[in-house]
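Thank you for making time this morning. I would like to take you through one model, going from the whole chain to its pocket and then to a few single residues.

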Amino acid sequence: MNDDQARAQRVAEAVRDAMWAGDRASKALGMQLLFIAPGQAVMQMTVRADMLNGHAICHGGLVTTLADSAFAFACNAHNEVTVASGFNVDLIAPGREGDVLTARAVELSKSGRTGLYDVEVRNQRDERIAVFRGRSYTMKGKPVVELPPGDLAAG
């Protein structure tokens, strides 16, 4: 890892810490943020009984929330406030009580104020549960976290 990559990784980690501190929704659902890097994030959630719908499978909205949370961390990791401008999700297989769902978000494109991200959700047996494509909008000039001058500063 060169100096610029190491600096970008430290920035992503500072953003992770700042965002996680206020992310009540992800915490309430028992999510864990396992990995962050510029334009990438991995989140995990265990399906609980209170997450099941009337068919005894994980509510699709909660699978989507896991993917959306990974998307949010991935697209904010560059330390510019970035929000979703839209997303599409395809639910492929059910999540069941006790399943450990892992959402891996990857940046496909970031140009100007817009970005495109893919998120894949898989269970502990590596079965694909959902695919999510998110579109982001960046508010230029608005950092997620104020970084100290010097080592953490981008550039």
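Let me begin with burial: buried residues make up 38% of the 155 residues in the protein, where buried means under 20% relative accessible area, exposed means over 50%, and partly exposed is what lies in between, with a 1.4 Å probe and protein chains only. Please keep in mind that this is a predicted model, in which local features need pLDDT of at least 70 and side-chain atom pairs count only at pLDDT 80 or more, while totals for chains, interfaces and linings use all residues. Residues are numbered from 1 along each chain as its sequence is written, and side-chain values use heavy atoms, with hydrogens and water left out.

The protein has three helices and six strands, these being DSSP runs numbered from the N terminus, with helices (H or I) of at least four residues and strands (E) of at least two. Along the sequence they follow the pattern α-α-β-β-α-β-β-β-β.

As for overall dimensions, the C-alpha trace spans about 55 × 25 × 25 Å along its principal axes. The radius of gyration is 16 Å, which agrees with the value near 15 Å for a compact globule of 155 residues; this radius is taken over C-alpha atoms, and the globule rule is 2.2 Å times the number of residues to the power 0.38. Among contacts between residues at least 6 apart in sequence, 66% join residues at least 24 apart, a contact meaning heavy atoms within 4.5 Å.

Now to the pocket. What is the volume of the largest pocket? The volume is about 210 Å³, taken as the space filled by probe spheres set on grid points that are joined across faces, edges and corners. A pocket here is an open set of points on a 1 Å grid over the protein atoms alone, where a 1.4 Å probe fits, with protein on both sides within 12 Å along at least five of seven lines, and lining residues have an atom within 4 Å of a point. Of the 16 lining residues, the closest to the centre of the largest pocket are Met 19, Ala 72, Asn 76, Thr 82 and Val 83. Helix H2 (24-28), helix H3 (60-76) and strand E3 (82-91) each give two or more residues to this lining, and H3 gives the most, with seven.

Turning to single residues, Ser 26 is found in helix H2 and is buried, with a relative accessible area of 1%. Leaving aside residues up to four places away in sequence, Ser 26 touches Trp 20, Met 31, Met 43 and Ser 69.

Gln 40 lies in strand E2 and counts as partly exposed, at 33% relative accessibility. With the same neighbours in sequence left out, those up to four places away, Gln 40 touches Phe 35, Ala 74 and Ala 105.

Finally, the backbone. Most residues other than glycine have a negative phi. Ala 56, however, has a positive phi of about 65 degrees, and Asn 79 has a phi near 65 degrees. Ala 56 lies in the loop between strand E2 (40-46) and H3, whereas Asn 79 lies in the loop between H3 and E3. Which of the two classes, buried or partly exposed, does Asn 79 belong to? Asn 79 is buried, with a relative accessible area of 11%, while Ala 56 is partly exposed, at 44%.
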